[in-house]
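Q: Please take a close look at one part of this model. Then place it beside the pocket and the sheet that are also described.

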Amino acid sequence: MRTHAQAVVIGGGVIGCSILYHLARAGWTDVVLLERDELTSGSTWHAAANIHGLHDNTNISRIQHYTMQLYRELEQETGQGCGVFQPGSLYLAQTEAREHQLRLQAAKARLYGMNFHEIGRDEAERLHPLVDFDGVRCIMYEPDGGNVDPSGVTAAYAAGARARGAEIHRFAPVTATEQMPDGTWLVRTEKGDIRADWVVNAAGLWGREVARMAGVELPLQPTEHQYFVTETIPEIAAMDRRLPSVADRDGEYYLRQEGQGLLVGAYERDVRLWAEEGTPRGFGHELFADDLERIEENMMRAIERVPAVGEAGIKRVINGPMIWSPDANVLFGPVPELSNYFCANGIIPGFSQSGGMGLMAAQWITEGEMRHDLFAWDVARFGAWAGPAFTRARVRDQYAHRFAIHFPNEERAAGRPVRTRPVYETQKAMGAVFGLNYGWEHPLWFADAPGTEDTLGFTRQNWWAPVGEEARTLRERAGIIDISNFAKYRVAGPGAHDWCEAVFANRIPAEPGRSCLAPLIGKRGGIAGDFTVTCLAPEEYWIIGSGLAERYHSRFFREVPLPAGTVFESLTDSHCGFNVAGPESRALLQNLTGASLATPDFPFLRSKRIEVAGVEVTALRVSFTGDLGWELHCREDDQLRLYEALLEEGRALGAAPVGSRALMSLRIEKGYGSWGREYSPEYWPQEVGLERLVKLDKPFLNRDAAAETMGRPAREALRLIEIDHAAAEASRADATGGEPVFHEGRGAGRVTSGAYGYAVGRSLALGFLDGVAPGAEVEVMLLGRPHPARVLPQAPFDPQGARLRA
């Protein structure tokens with residue numbers, strides 16, 4: 001066994017072997033994989049191993065298509081069969097909502113050149129004569145769908161890695177991981193120790209236990225999962241071809257051919273958690289006792305759709321464990337609080353994603369960043385707030401609703417609330433409908449009656465009209481928006497200014513009372529974050545950014561050492577905030593403070609420490625609404641007192657509380673981008689209109705990468721689009737993000753954010769377009785169907801910013 005390695009991968013399942021293979025393929029040949037038992041132990045060996053390409057997230061679709069194509073290449077490269085069967089997959093829609101989902105996926109497939117399209121019933125019956133298609137509204141066909149052999153795929157990755165110089169050691173359980181003072185890792189095993197530059201935790205069912213060796217708690221929870229295989233079905237035995245798989249997600253089961261029978265699996269509502277206190281050390285290839293009664297309802301729906309299932313005997317039942325994260329996505333990426341410790345844990349569709357996951361891990365480890373933005377997978381999306389109780393509740397919900405549609409704007413209640421602010425009960429009594437943002441409850445909108453919940457769908461829902469009232473109230477009078485979920489940081493000390501200059505791409509003000517908008521640049525020169533940086537006093541700065549990305553951004557902040565005597569602290573937990581905005585916001589606040597808020601005394605992008613209603617606040621004259629407004633940040637203990645004073649004073653002016661859904665509409669009316677939608681490491685500064693905020697004549701984090709990308713022509717441009725709401729679908733739905741955009745018959749781009757602009761009376765969308773100029777007519781695939789739209793030359797609300805600076 002080697003005593004030193006560039007990377008040690010812990011776990012010999014399909015994901016660990018894929019990461020090892022891709023590291024070796026990237027040129028890291030001094031890599032080692034350690035497996036406690038045989039390869040494919042744990043969840044890999046008993047997986048149903050279905051493969052499919054389409055996903056609601058476009059980048060995950062790309063990952064899955066890469067994986068499906070890779071299996072054939074692996075077979076040719078290694079000579080090891082992967083057991084690839086690709087007879088295609090049929091996707092059935094029994095409801096209008098499912099039809100909307102499938103049509104949107106088909107539109108994305110057309111945009112990205114993927115093979116997924118609608119077929120008629122006659123063609124579907126020819127492809128799968130055992131299926132009864134009565135009651136099906138829409139049928140999509142993916143010709144490349146199918147399944148693979150779990151052991152074959154894992155062995156192929158292993159063979160490919162070994163051929164490039166990687167080592168694999170079976171029956172070599174890891175007993176400890178210790179980080180050394182120089183940042184390297186000592187990986188201890190019963191067969192000897194390895195000094196490694198990187199540790200990769202791909203330990204599957206033992207991901208929690210391996211992480212704890214490094215002092216990390218991962219929000220993971222295993223469950224039982226069952227599928228069964230029928231005896232031989234005569235109609236299948238008589239065929240000279242393989243049947244396509246069936247994805248009947250409205251029926252909550254999956255079905256495909258296995259041998260000369262059928263494999264049927266289900267995600268039942270009666271969930272069984274397993275190993276809540278930890279996965280047994282000696283567990284390997286064991287299975288649980290059969291419990292088909294739990295999936296009886298799902299089985300009956302499968303039999304109704306494919307009667308041959310009910311006529312065949314059951315050959316075998318597989319009831320084995322699988323391990324989940326709270327949102328059913330992998331926990332992926334470097335742990336922000338550690339150096340060179342990479343996680344790939346909690347993978348459910350492992351055989352659809354294994355290749356892309358290995359490729360992305362290798363890119364991140366060897367190049368410092370992935371080529372695709374996959375924050376939906378990033379381990380940093382959860383913090384310490386995602387404890388065992390939350391994780392168990394969310395896993396139960398995710399498992400039981402595995403095949404439910406994830407609707408736009410959907411907020412699931414399981415495991416909540418986790419973190420609340422002092423105003424929570426007050427807002428709840430006012431009718432607030434809450435969303436979850438990095439563990440915090442925050443108001444989405446305010447209903448007429450407490451206890452109101454969102455309805456769900458792709459069309460306009462019960463919140464659409466009330467959100468419109470909130471947006472118009474702010475535009476016409478004033479609104480009070482709780483922004484406590486924003487991330488807040490303080491940097492202070494003799495090197496505070498120099499540190500901020502070294503981190504952010506814009507020039508940082510040194511004069512107290514001045515603020516600036518400052519991009520954070522990623523390893524490849526893209527936009528990793530956007531912040532408001534404020535000089536409060538000599539060598540004291542406040543930094544405001546995305547709350548959802550607080551742990552993610554900590555990776556970047558850690559890359560720049562703090563000067564001696566300078567401190568960096570997060571104020572997100574200890575401080576709260578409100579944005580008071582709208583034409584009457586100055587009058588509202590002026591009645592509560594002795595400080596002058598007149599423009600000559602308090603102009604745009606300036607800040608002061610003042611008292612409002614007797615509460616000390618840090619006031620910033622900025623507003624994400626694009627309207628006149630101030631952000632007020634106070635200590636958490638003062639939040640309720642400040643909120644009540646703002647509401648009371650606002651009543652006389654017709655002001656009211658405003659939620660984040662209205663804020664979405666307001667910022668899109670102004671064409672403002674948002675981190676995680678329009679701003680991400682994938683997009684270059686000149687593509688999102690932030691190039692003027694990137695000062696290449698000074699040093700900053702990843703400056704050379706920014707100079708390189710900004711020296712190239714923009715690949716696409718962020719544009720604001722107006723959808724013709726006279727069209728039938730557009731009169732009852734708005735874009736939400738992900739909808740493809742076509743221009744003169746070709747794929748031109750996609751929507752990143754969408755909302756109805758209540759103050760301007762237009763259905764609007766922000767999106768990236770290639771080669772489409774303002775004024776051009778385009779088609780937006782709203783609900784998966786083409787709708788006429790126009791690229792706007794400027795924002796429809798206050799394009800010159802007169803209201804913002806009034």
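By class, how many nonpolar, polar and charged residues does the lining of the largest cavity have?

A: The model is predicted. In the lining of the largest cavity, 1 residue is nonpolar, 3 are polar and 3 are charged. The lining residues are R421, W440, E441, H442, D482, S484 and N485. W440 is the nonpolar one, since Trp counts as nonpolar. R421, E441 and D482 are the charged ones. H442, S484 and N485 are the polar ones. Strand β20, residues 440-446, gives the largest share of this lining, with 3 residues. The volume of the largest cavity is about 40 Å³. The model has 3 cavities of 30 Å³ or more.

Now the second largest pocket. It holds about 800 Å³ of space. Its lining has 38 residues. E217, G383, A384, W385 and R551 lie nearest the centre of this pocket. Four elements give two or more residues to the lining: α6 (207-213), α11 (388-400), α15 (550-558) and β26 (567-570). The largest share comes from α15, which supplies 4 residues. By class, the pocket lining has 18 nonpolar, 8 polar and 12 charged residues.

Next, the sheet. It is an open sheet of 8 strands with mixed pairing. The strand order is β5-β6-β4-β13-β14-β15-β12-β16. Its edge strands are β5 (117-118) and β16 (314-324), each of which pairs on one side only. In general, the strands of a sheet are held in pairs by backbone hydrogen bonds, parallel or antiparallel.

This sheet shows both senses. Strand β4, residues 89-93, pairs with strand β13, residues 245-248, in the parallel sense. That pairing has 3 bridges. L90 stands opposite V246 in β13.

Strand β15 pairs in the antiparallel sense with β14 and with β12. It spans residues 261-266, and 6 of its 6 residues are buried. To strand β14, residues 253-258, β15 is joined by 6 bridges in the antiparallel sense. One bridge in this pair sets R256 against L263 in β15. The hairpin of β14 and β15 has 2 residues between the strands. There, G259 takes a positive phi near 60 degrees. With strand β12, residues 221-230, β15 forms an antiparallel pair over 4 bridges. In that pair, Y227 has G265 in β15 as its bridge partner.

Helix α3 lies across part of this sheet. The strands it lies across are β4, β5 and β6 (138-142). The helix runs at about 140 degrees to β4. α3 spans residues 96-112 and includes R103. R103 has 11% relative accessibility, so it counts as buried. Leaving aside residues up to four places away in sequence, R103 touches E118, C138, M140, L783, G784 and R785. Among these contacts, E118 falls in the range of β5. C138 and M140 fall in the range of β6.

To return to the request, the largest cavity is lined by 1 nonpolar, 3 polar and 3 charged residues. For the second largest pocket, the class counts are 18 nonpolar, 8 polar and 12 charged.

Terms used:
Residues are numbered from 1 along each chain as its sequence is written. This is a predicted model: local features need pLDDT of at least 70, side-chain atom pairs count only at pLDDT 80 or more; totals for chains, interfaces and linings use all residues. Side-chain values use heavy atoms; hydrogens and water are left out. Buried means under 20% relative accessible area, exposed over 50%, partly exposed in between (1.4 Å probe, protein chains only). Two strands pair if DSSP finds at least two bridges between them. Contact means heavy atoms within 4.5 Å. On a 1 Å grid over the protein atoms alone, a cavity is a set of points where a 1.4 Å probe fits but cannot get out, and a pocket is an open set with protein on both sides within 12 Å along at least five of seven lines; lining residues have an atom within 4 Å of a point. Grid points are joined across faces, edges and corners, and a volume is the space filled by probe spheres set on the points. Axes are lines fitted to C-alpha atoms, for helices over the stretch in contact, and angles run from 0 to 180 degrees between N-to-C directions.
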